[in-house]
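Q: Please take a close look at one part of this model: the place where its chains meet. I would like a connected account, with the backbone details worth checking.

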Amino acid sequence: MAKKFMKGNDSIIVGALSAGCRAYYGYPITPASEIAHAAALHFPALGGTFIQAESEVAAINMCYGTAGMGIRVMTASSSPGVSLKQEGLSYAAGAELPLVIVNINRGGPGLGNIAPEQSDYFQATKGGGHGSYRLIVLAPNSAQEMCDLTMLAFDLADRYRNPAMVLADGFIGQMMEAVDVPQAKPVPYDHSSWCVRGDEATRRNVVSSIVLDPHHLEAHNLKLRDKYAACARDEVRCEEYRTEDADLIVVAYGIVSRIVYSTVDEARERGLKVGLLRPITLWPFPSARLAELAVGRAKAFLSVELNTGQMVEDVRLAVFGKRPVHFYGRCGGVVPGGDEIVAEYARLLKGGGHESH
Amino acid sequence: MSTELTVASYKTDLKPIWCPGCGDYGALNPFYQAMLDCGLQPKDTVIVSGIGCSGRFPYFCNTYGFHGVHGRALPTAAGMKMASPHLNIFAVGGDGDGLGIGGGHIPHVARKNVDLVYLLLDNSIYGLTKGQSSPTSPLPMSSKTAPYGYIEDPLDPLAMYIAYNISFVARGFSGKPKQLRELFTQAIRHKGFSMVHVFSPCVTFNKQVTFKTFNELVKELPEDHDAGNRIKAMEYALDRSTLWTGVFYREERPTIHERVVDIQNRAGRFKDLNELLDDFR
């Protein structure tokens, strides 16, 4: 199929439909509303259902109900709306339900603004809701990946019976780029062993996150822990550019990874040997790869983010004190330009490298 | 403050950024006048809003303002009134904020009869997010989330308010600012939870529910309407051929503050914390 020119937010729906998702529940919020608009237009055309929920809480619980029936389902929102969905995500993780949620991260905290940020990293990767659970978190950096990683999110959600999040910033959502529209290849998944469809095959199944007996709940948590360990072992995805001989390894995802990518060659022309490591999965995080690089020839690490310092904590955990880990961030919708980032490389590599803000 | 209050006392120097022709202008001006009619001191007045175009109300009023959480203007306002009963508290929001995401709060503020005024500016669309269906979008209105036409029946807000037993229920239209001024004034003077529902058309994103719609259908309640008659109020609320405006229902009953004070009086048998702790079980 031909390439199409589209917004990242529209590309999410191309990915969802290609993954066989036919149920979407959502609530308006800038800068994510186009996802709902595209779902409203296209889901019914393929026999699917789009419902505008009365609230974000209603939307995630509609997902909970549909996911409990073993049907691929999604919702999408932006930061304040995703905060409202946290209770539902915790319950879905507890009940081991596959569903996909998209967060087009905007400026926070609170109402903030509608400009891009990466300030929901903690919320997405560290839990967000209550209890010991994880979300599988995928971070696209192009309109193409909005499609591809949405498809992957459905597959991983099914494989691990867990909510999966596509975490993009407002830039990736709003930016228009060419997208290679995929051939529809939904992966068939048999959920009849656990889902509840009101038929003979699923009659004895129970979907629930309540486990009153402390020993049973501990066993349930240990089972989830093992599942997350398997996911962390098998599903890490990241991309590198010129890290093999880099003095400074820059870690960045989403729109920032695009900016950093564009600086690497230019920086090297100026004698600054930098390389880029881009996590594609934010959870599981590419910690093992970073740990490897930390005992290689790299002298230092730099995390560049659209926040005041979130992913940098995971970089520090992975590097584990073996090399200095610096941070450079802008926020509030302010996005660093290439020059600004290269100046930071120069400061770190030539100017002694004081702890940055 | 010795200076005499005028309409200007309630205005800020911020120019509203609503679209030209927005219904919300037609609600804001009579609101200034009603505050003046009631002699409200700006320093004793707080306006709370959630999200939406109407959520910008506090910015244009020279009172205290609180731009809160989407859908939560009402519980925030209730919290303020319970903490500071001497203040004049207003909550302002739209049909999405108030009847969609925050719709669950209205009956419970009604049960508490918190002494505040809620201005709900209804344009039957999500305007700030550029045109999605709302809980009052009529069938089969199309929108960005209803490209094939809306598929959910609209709420009947007035009937809901009356069923919730809100102690003051009125409806106006921003195309009739004189009546709105009078309704706001009565709402402010009412002791208890006052709900003023305002038809406030969106001229940019809603081409289907418009000023023309309301100019044709809106009519003032008959002068002899007995606002103490809840059944009659409900009849007018359910009428769809005429959209009645005016005070539908009004009842005097204790506010939550009065009931809290009553509990304090009944429970207050200790002179201080130490005496309570001595008795603590």
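A: What follows goes through the contact between the two chains, then a helix, then some backbone details.

This is a predicted model. Start with confidence. Chain A averages a pLDDT of 96, and 98% of its residues score at least 70. One stretch falls short: over residues 353-357 of chain A the pLDDT is below 50. That stretch still has 17 contacts in the model beyond near neighbours in sequence. Where pLDDT is low, predicted coordinates should not be read in detail.

Now the interface. Chain A puts 18 residues into the contact, and chain B puts in 18 residues. Together the chains bury about 1400 Å². Carbon and sulfur atoms carry 61% of that area. On the side of chain A, three residues stand out: A:Tyr27, A:His37 and A:Gln52. They supply 36% of the area that chain A buries against chain B, more than any other three residues.

What about polar links? The count of salt bridges between chain A and chain B is 0. Polar contacts do occur: 7 residue pairs across the interface, with both residues at pLDDT 80 or more.

Which elements of chain A take part? Helix H2 (33-42) and strand S3 (49-52) of chain A each give two or more residues to the side that touches chain B. H2(A) gives the most, with 5 residues. By class, this side of chain A has 11 nonpolar, 5 polar and 2 charged residues.

H2(A) deserves a second look. Of its 10 residues, 8 are buried, so the helix is largely enclosed by the rest of the structure. The buried set is A:Ser33, A:Glu34, A:Ile35, A:Ala36, A:His37, A:Ala38, A:Ala39 and A:Ala40. A:His37 is in that set, and A:His37 is also one of the three residues named above for buried area.

Just ahead of this helix comes a backbone feature. The peptide bond from A:Thr30 to A:Pro31 is cis, with omega near 5 degrees. A:Pro31 sits in the loop between strand S2 (23-26) and H2 of chain A. Chain A has another cis bond, from A:Trp283 to A:Pro284, with omega near 0 degrees. A:Pro284 belongs to the loop between strand S12 (281-283) and helix H11 (287-294) of chain A. For context, most peptide bonds are trans, and most residues other than glycine have a negative phi.

Chain B offers exceptions in phi. B:Asn113 is not a glycine, yet its phi is positive, about 50 degrees. This residue lies in the loop between helix H4 (106-112) and strand S4 (117-122) of chain B. B:Asn113 is buried, with a relative accessible area of 0%. B:Ser124 also has a positive phi, near 60 degrees. Its loop runs between S4 and helix H5 (157-163) of chain B. B:Ser124 is buried, at a relative accessible area of 6%.

Last, a buried residue in chain A. A:Met311 is in helix H12 (residues 311-319). Its relative accessible area is 0%. A:Met311 touches residues beyond four places away in sequence, including A:Tyr121, A:Val251, A:Tyr253, A:Leu282 and A:Phe285. A:Met311 and A:Thr125 are 186 residues apart in sequence, but 9.2 Å apart in space, C-alpha to C-alpha.

Conventions. Residues are numbered from 1 along each chain as its sequence is written. Chains are lettered from A and ligands numbered from 1 in the order in which they are written. This is a predicted model: local features need pLDDT of at least 70, side-chain atom pairs count only at pLDDT 80 or more; totals for chains, interfaces and linings use all residues. Side-chain values use heavy atoms; hydrogens and water are left out. Contact means heavy atoms within 4.5 Å. Buried area is the accessible area (1.4 Å probe) that two parts lose on being put together, summed over both. A salt bridge is a side-chain nitrogen of Lys or Arg within 4 Å of a carboxyl oxygen of Asp or Glu. A polar contact is a pair of N or O atoms within 3.5 Å; within protein, one must be able to donate a hydrogen and the other to accept it, and residues adjacent in sequence count only if both atoms are side-chain atoms. Helices (H or I, at least four residues) and strands (E, at least two) are DSSP runs, numbered from the N terminus. Ala, Val, Leu, Ile, Met, Phe, Trp, Tyr, Cys and Pro count as nonpolar, Asp, Glu, Lys and Arg as charged, and the others, Gly among them, as polar. pLDDT is the predictor's confidence in each residue, from 0 to 100. Buried means under 20% relative accessible area, exposed over 50%, partly exposed in between (1.4 Å probe, protein chains only).
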